[in-house]
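Open the file in your viewer and keep the selection panel at hand. We will go stop by stop.

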Number of protein chains: 6
Amino acid sequence: MGAVVVQHIERAESAVIAGLAECGVSTVHEAQGRRGLLAAYMRPIYPAARIAASAVTISAPPADNWMLHVAMEQLQPGDILVLAPTSASDAGYFGDLLATSLQARGGAGMIIDAGVRDIRELTEMKCPVWSKAIFSQGTVKETLGSVNVPVICAGALVNPGDVMVADDDGVCVVRREEADQVLAAARTRIAKEQDTRARLAAGELGLDIYDMRVRLAEKGLKYV
Amino acid sequence: MGAVVVQHIERAESAVIAGLAECGVSTVHEAQGRRGLLAAYMRPIYPAARIAASAVTISAPPADNWMLHVAMEQLQPGDILVLAPTSASDAGYFGDLLATSLQARGGAGMIIDAGVRDIRELTEMKCPVWSKAIFSQGTVKETLGSVNVPVICAGALVNPGDVMVADDDGVCVVRREEADQVLAAARTRIAKEQDTRARLAAGELGLDIYDMRVRLAEKGLKYV
Amino acid sequence: MGAVVVQHIERAESAVIAGLAECGVSTVHEAQGRRGLLAAYMRPIYPAARIAASAVTISAPPADNWMLHVAMEQLQPGDILVLAPTSASDAGYFGDLLATSLQARGGAGMIIDAGVRDIRELTEMKCPVWSKAIFSQGTVKETLGSVNVPVICAGALVNPGDVMVADDDGVCVVRREEADQVLAAARTRIAKEQDTRARLAAGELGLDIYDMRVRLAEKGLKYV
Amino acid sequence: MGAVVVQHIERAESAVIAGLAECGVSTVHEAQGRRGLLAAYMRPIYPAARIAASAVTISAPPADNWMLHVAMEQLQPGDILVLAPTSASDAGYFGDLLATSLQARGGAGMIIDAGVRDIRELTEMKCPVWSKAIFSQGTVKETLGSVNVPVICAGALVNPGDVMVADDDGVCVVRREEADQVLAAARTRIAKEQDTRARLAAGELGLDIYDMRVRLAEKGLKYV
Amino acid sequence: MGAVVVQHIERAESAVIAGLAECGVSTVHEAQGRRGLLAAYMRPIYPAARIAASAVTISAPPADNWMLHVAMEQLQPGDILVLAPTSASDAGYFGDLLATSLQARGGAGMIIDAGVRDIRELTEMKCPVWSKAIFSQGTVKETLGSVNVPVICAGALVNPGDVMVADDDGVCVVRREEADQVLAAARTRIAKEQDTRARLAAGELGLDIYDMRVRLAEKGLKYV
Amino acid sequence: MGAVVVQHIERAESAVIAGLAECGVSTVHEAQGRRGLLAAYMRPIYPAARIAASAVTISAPPADNWMLHVAMEQLQPGDILVLAPTSASDAGYFGDLLATSLQARGGAGMIIDAGVRDIRELTEMKCPVWSKAIFSQGTVKETLGSVNVPVICAGALVNPGDVMVADDDGVCVVRREEADQVLAAARTRIAKEQDTRARLAAGELGLDIYDMRVRLAEKGLKYV
């Protein structure tokens, strides 16, 4: 149960990851049976980022960002850091220096159930972050944690190598081994929605498109 | 006490509604005696929308958006949907498909004491939403609710047909039957404030404009 | 212990204040030993403002903005108002009229552990505000408070004349009498970080730059 | 829209009120169609109180308890005070002096969407209070409010004279004019539950008592 | 990914479970490497209950307690129900009728990341519950969930058959397959603490017992 | 600005401290001009404790209780520990072992803007604690803090040697140098309230005792 760094993790195929990014959080979440959402308090530091990336996970002590440095070495191009503190913290674990390092290693961004700082610089650098808080509170480098172990981040289980999908709606995790079937389901969903969207845009009602009127009446809905 | 859809509701005059939109939330709130504000957690999904519209209300079960489809049929051009869950929920009741339907029917937007999703698409569609949360969490269509009944939305009583005024400051409800007198009071207030604004801009102090110095002294304020 | 207005307060040198503004909140916070941050819930009403200014403090009753008018007279060009309610409040103490007055007096902005309103107007006026809430809720002018006394604002002690540094990361207070040495420390830190940033950008790891590997091994970190 | 005291209000019959007290909050809430609950944050200051009483309502400014004194005169034996602040407040509006007055007038207790203090004394006096907070924060007597007007208290609409039912589960409001039919429905429910309770106590399953197995299978539940 | 009921789950040995109950939450949490705590908001409905039991898990829709009836059939004597809603809910899923059923089946109690009601009755029945909220809000029986699947309950992963340890400090989950070694570690810890407790009670300082003075000095602590 | 332990602090006279304990939090808070309350979230772990004691303050890192051991040596009989984390934390810094040490040194209890654990044992030991949270989450001993420096604890400034008054209503801090005059004011208040209490108990109204009717009418209150 000690502090470990798992150096070799499996990742999903990059084409699948790219496909999931295009689908977006809400669609992916539906396509995998309404599972995998991180808590609603996880918000992007700037709007309109939309990414998917393989998780390099970090279990870190509260207000101690030492393990971020350790994790940086495990990062492969296109990966995203996912940090869960072992006890709730709003401290600012991540700022412009670490973002510089992350981008130099080809990292895609950061998902952190804690705080982040240097918001203006991160926005200018186009380094997307989804966090629980924006807070300058400094951290120390005193206590070990682990890298690439399963973590519970903002209420969701994230295994190293799982695919994180993140956009303006929030963050969703997709199991690595289910990624391609979730992508297929998401694409099917999108195709089907396009037809529905056209009918709705033409003024048809969901009541008719989805054939709801009989069932509503059976349940006892009364029009007065 | 069953599930009902009230099909015919009264609405305020469209000119009055348009007038209230111009006045904005803070002025309207003051003009009607500091009543009618929805809770401060109701925030717009994108800045700078400013609208007023007649409420089509929805009382819905938690994480069940069936009644949104029912309500859509009751919408008249210029109306706004106002959804209050019967038990607190952050689930994402409303997204781009329903927004497509809403706009096809001429709806003005959505006010929801729960969650919303597809933020980027809604922003691009210019479909304004004021919500408690942004969250992708999917909903079901299993349990009935009611449409066009009085609801308590984010701490405020909203009757169907009441005028919802919403902008970057939040949301305020105006009773339908008081709408024209509130508009008159709001315009009077605006006119009066323009004069005050000019004097303040010229460097005069509120202390003098509002003649506060004597009363402050009587209350015991000491300058040291 | 009565209601007082302290009319003469000391301020830091304007060159020092301007220097602190350039350094930004996160750097200043670190440079003074990780002290002085206001709570993470203090957020700017619009992004990308970055200022530093001398605090004119206000201790005000909940939902009563009378003392704001009193404080306005004590404002000198470049000062910022810092309001702490005596009991928690989200009410909208400050809006476009008071902002007009503040700018006419040369004030730099407002920091308020309560609510603010007229967000759109304040944004257009470029009047920066950091607040706990955006809320239209009106206030009264009935009960006295004090101006230019020490206050606890969002969890931090602020003395009149202390330097408030505020940007997208939040708000930090610097003791007036420590302002020049904090500025010096902040500039040293920035200079040092530029070198580190260059090395990180070139792909070096923090693990090596900060020489962490030995200490991590001593603490027992295991690579598997 | 000014400050008013409504002196004459209707009340439900005392036998009906007493009957509702015996039924308790959860049963009454169910019996009236799952309506009328105040927010879950409304908690009793000591356990095992169980009452029902007619509401004398108070709309009060934040941290200003002046109207409590005004309301005390309107209290009839058996009534309960229901206070809703016009803007959120945790201040301690009510303590042992006001409780002494309340009991001298035959009042049954207090329901307050704000703070209360002197908890130990109130407990010793057996003066039940349901509140949002326990907080000593003092209040002023500066700004008017209203007595016996409709208020929204902890998310529920309360009209003067409505019956408040309160116990360890929280607080529920029953419309005065529906009180006797709600009592009848509650008693029917209790009678029915006694039979169910006996069967459950004997080891029968709800699955069988409520005949759920077929519908579960139809919905698609799979046993593995 | 559909709705399933897993009928056969493994459980830890009853002697091990009983041993963990004696050790209590804080000790067990430390003994397993500071893992496994549910969120601090999970509180007992009455003080001084202290139990350990095998988890029968429930993944349930918000405000829908249908699956509780399904789970009841899967309960074996000594088991505890662990319910996690698929979307946050404070609704009262569990009350005295279900508690009667639970006790008739030999169930040990309930852990629920949502609401509970009939507090007085549950307390009289000595049916311990740890919950997020006390709230009467009724639930429906409309939507399926699953029984005996892994759930994330109050931020912790719980597998069916894991041992739940719960007392006045909160709730901790122990992996079924680690239960005996965690018990051994907990007992070792308790034995060791007894010695330390005696020395502390005699007035010795932790500074000396744990030999901290040198390390404090090395870190730079200054006595002034 | 480093980590320091201030070894010699001034304390108020023990007779004054004992007198303040008898007066209780709400009275003391009023007697010193409604200042000094800690946040309403600071609650006793068991009811009916009522104490006053000199503060030995601790500024500690989040989830690191090392400084508690350091502070224990600075404790004199009758003192109380007051811990403020440098960044918000719910971790359980204090449990039965530290309580044993505290009581062996004659300490009166603990006030902590964070978590506490071993609630049952602390209750049995009659070791009163006022805390923000009850949580088993373990802490480390890695990072220095300071002892007997001014801290902001739950929103209030506490200097070492200040008198902490705590009971079921919460916690209030009294400046050491003002303690005797606050005690005198509190006793005056109590004496005055006894007369008022007798009149209220006899059925007189506050409206008459405090002579409020004229002022209410002047403000515009209308009886209808």
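This tour of a predicted model starts with whole chains, moves to one interface and ends at ring faces.

**Stop 1: chains A and B.** Select both chains. Chain A can be laid on chain B by a turn of 120° with a shift of 0.0 Å along the axis. The RMSD of that fit is 0.0 Å. This is how a three-fold axis relates copies.

**Stop 2: chains D and E.** Now show these two chains with a surface. Together they bury about 3100 Å². Carbon and sulfur atoms account for 56% of that area. Chain D brings 35 residues to the contact, and chain E brings 34 residues.

**Stop 3: polar links across D and E.** Switch to sticks. The rule finds 18 residue pairs in polar contact across this interface, both residues being at pLDDT 80 or more. Five salt bridges are counted between chain D and chain E. Select one of them: Arg117(E) with Glu30(D), at 3.0 Å from N to O.

Next, colour chain D by element of secondary structure. On its side that touches chain E, at least two residues each come from helix 2 (25-31), helix 6 (179-201), helix 7 (206-209), helix 8 (213-219) and strand 13 (222-223). Which helix of chain D gives the most to that side? Helix 6 does, with five residues.

**Stop 4: ring faces.** Select Tyr41(A) and Lys132(A). The lysine lies over the face of the tyrosine, 5.7 Å from the ring centre. Then go to chain C: Lys132(C) lies over the face of Tyr41(C), at 5.7 Å from the ring centre. How many aromatic pairs are there over all chains? The count is zero.

Methods:
Residues numbered from 1 in each chain as written. Chains lettered and ligands numbered in written order. Predicted model: local features only at pLDDT ≥ 70, side-chain atom pairs only at ≥ 80, totals over all residues. Heavy atoms only, no water. Phe/Tyr/Trp six-rings, centres within 6.5 Å; stacked < 30°, edge-to-face > 60°. Lys NZ or Arg CZ within 6 Å of the ring centre and 35° of its normal. Least-squares fit on C-alpha atoms with pLDDT ≥ 70 in both. Contact = heavy atoms within 4.5 Å. Buried area = accessible area lost by both parts, 1.4 Å probe. Salt bridge = Lys/Arg side-chain N within 4 Å of Asp/Glu carboxyl O. Polar contact = N/O pair within 3.5 Å; in protein donor to acceptor, adjacent residues only side chain to side chain. Helix = DSSP H or I, 4+ residues; strand = E, 2+ residues; numbered from the N terminus.
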